[in-house]
Amino acid sequence: MDNPKHGMTLIVKTITRLTVGLILLFGIYIVSHGHVSPGGGFAGGVIIALSFIHILLAFGKEVALKRISYNVASFFESLGAIMFITLALLGIGSGYFLLNFISKGEPFRLFSSGLIPLYNVAISFKVGAGLFIIFVILVTFRLTKKDDRE
Amino acid sequence: MSLYFLCLVLFSVGLYCILRKRNLIKIIIGIAITEYAVNLFFVLVGYKMHGRAPIHAEDQAILNMVDPLPQALVLTAIVIGLAITALIASIAIRVYEKYGTFDITKIRKLKG
Amino acid sequence: MLELQILLVFMIIGAIVAVKTKDLLSAVIAVGTVGLGLSVAFLILKAPDLAIAQLVVEILVVIILIRATIRKDLPFSTSGRWFFNTFVVFVFLIVFLIFGYICMKDLPKFGEPIMKVAQSFLNNGLKDTGATNLVSSIVLDYRAYDTLGEATILFTAVIGVLAVMRKVGRKK
């Protein structure tokens, strides 16, 4: 991890090691409290993707892809889509598509409002993994030999 | 009224960039600026004077809230805009790799 | 709303700088200022969800555009019928602005929206869905088909980037 040949300088690496866990924790907080406070799956998913992009920019792509590999990110993207569709289809059993069928609970609590937190988690998986995949592809793309001369 | 017109001016700056510039990155920038203007216009239409954010509080009843429907529409539009920007940027990188330039007139010449 | 007008003028100046500057990296950073100004404008307009989303999305857009432009600072051509093209574009923009100004007189006044649909969401949202944040309850309960379509578009964009940037199967 401390290979000085890859990535940025020692200062950036040290700060990254201290802050990246806090950024991931903030993303998880934004996702899980999306139905009682500002936030939600979209913003939280982008923050989770940014925490891994932070590692990728500071340490280089080998370390970042060791933490969360391409297959794991692909798995989470598919998991988000399948989780959303499954939760939506379960509503058909007691009514119609996308029905919020379980108990609403007491308002202003973390475990309330039925299926909305689960939908938030599914959306955050999908957005976070998808943006991380897009960024990995854009960063690791190398131009062919002909244009490297410029 | 003046706010709507300033928003329209921002939109036309982005439209000018799309119509007049020949660099692919400038065209992406123009698309991003027009998208910002449209998002801002949606939220401006839904604003209520002296309104509060559409979030209920535990200890008091909030009666005067702004319109939450345009905010919900714009929330999906923001993430879609990010995905579209990434897609166009990847196409621009691929075009640069094939032709060695971002200029669209030169690309047209090299094609035939 | 004087602060909002000052912020919009700042955003327009940033957009003009982004359009007119020759250096591509400076143009990308100017677009970053426009997006961050938009984030503050959302916060003034009482939309905290959008402010958070716009802030983090803007950071990612700037990183992606810098990746696309880095070390590729090329001059672009200004030859051809420069005067004629600029004249036609300006005439079109002036006509567009005049028609837009006429159309805006039919819009509801700023600060007094027509809230026919939204009023029922505001009245019944907490009782129907149990979610305190009404934007979240609209995105994920009342209008959840929007979110389904958004997930589809994001999936399509990922597949599109994968197809454009693929390594194998390319003609040498």
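Domain bounds here come from an automatic or database domain assignment. On that basis, chain C of this predicted model splits into domain 1 (1–74) and domain 2 (122–172). Taken over C-alpha atoms, the centres of domain 1 and domain 2 of chain C sit 23 Å apart.

Now for how chain C meets chain B. Between them, chain C and chain B bury about 7,900 Å², and 79% of that area is on carbon and sulfur atoms. On the chain C side, C:V19, C:M104 and C:F110 lose the most area to chain B, though together they make up 9% of what that side buries.

What about charges and polar pairs? The salt bridge count between chain C and chain B is 0. Polar contacts do turn up: 12 residue pairs across the interface, with both partners at pLDDT 80 or more.

Several helices of chain C give two or more residues to the side that touches chain B: α1 (2–20), α2 (24–44), α3 (48–69), α4 (82–104), α5 (116–129), α6 (134–142) and α7 (144–164). The largest share comes from α3(C), with 13 residues.

Here are the residue counts for the contact.

| Group | Residues |
|---|---|
| Chain C, in contact with chain B | 89 residues |
| Chain B, in contact with chain C | 73 residues |
| Nonpolar, chain C side | 62 residues |
| Polar, chain C side | 14 residues |
| Charged, chain C side | 13 residues |

So much for the tally; back to the pairing itself. The chain C side carries 13 charged residues, yet the count of salt bridges to chain B is 0.

Notes: Residues are numbered from 1 along each chain as its sequence is written. Chains are lettered from A and ligands numbered from 1 in the order in which they are written. This is a predicted model: local features need pLDDT of at least 70, side-chain atom pairs count only at pLDDT 80 or more; totals for chains, interfaces and linings use all residues. Side-chain values use heavy atoms; hydrogens and water are left out. Contact means heavy atoms within 4.5 Å. Buried area is the accessible area (1.4 Å probe) that two parts lose on being put together, summed over both. A salt bridge is a side-chain nitrogen of Lys or Arg within 4 Å of a carboxyl oxygen of Asp or Glu. A polar contact is a pair of N or O atoms within 3.5 Å; within protein, one must be able to donate a hydrogen and the other to accept it, and residues adjacent in sequence count only if both atoms are side-chain atoms. Helices (H or I, at least four residues) and strands (E, at least two) are DSSP runs, numbered from the N terminus. Ala, Val, Leu, Ile, Met, Phe, Trp, Tyr, Cys and Pro count as nonpolar, Asp, Glu, Lys and Arg as charged, and the others, Gly among them, as polar.
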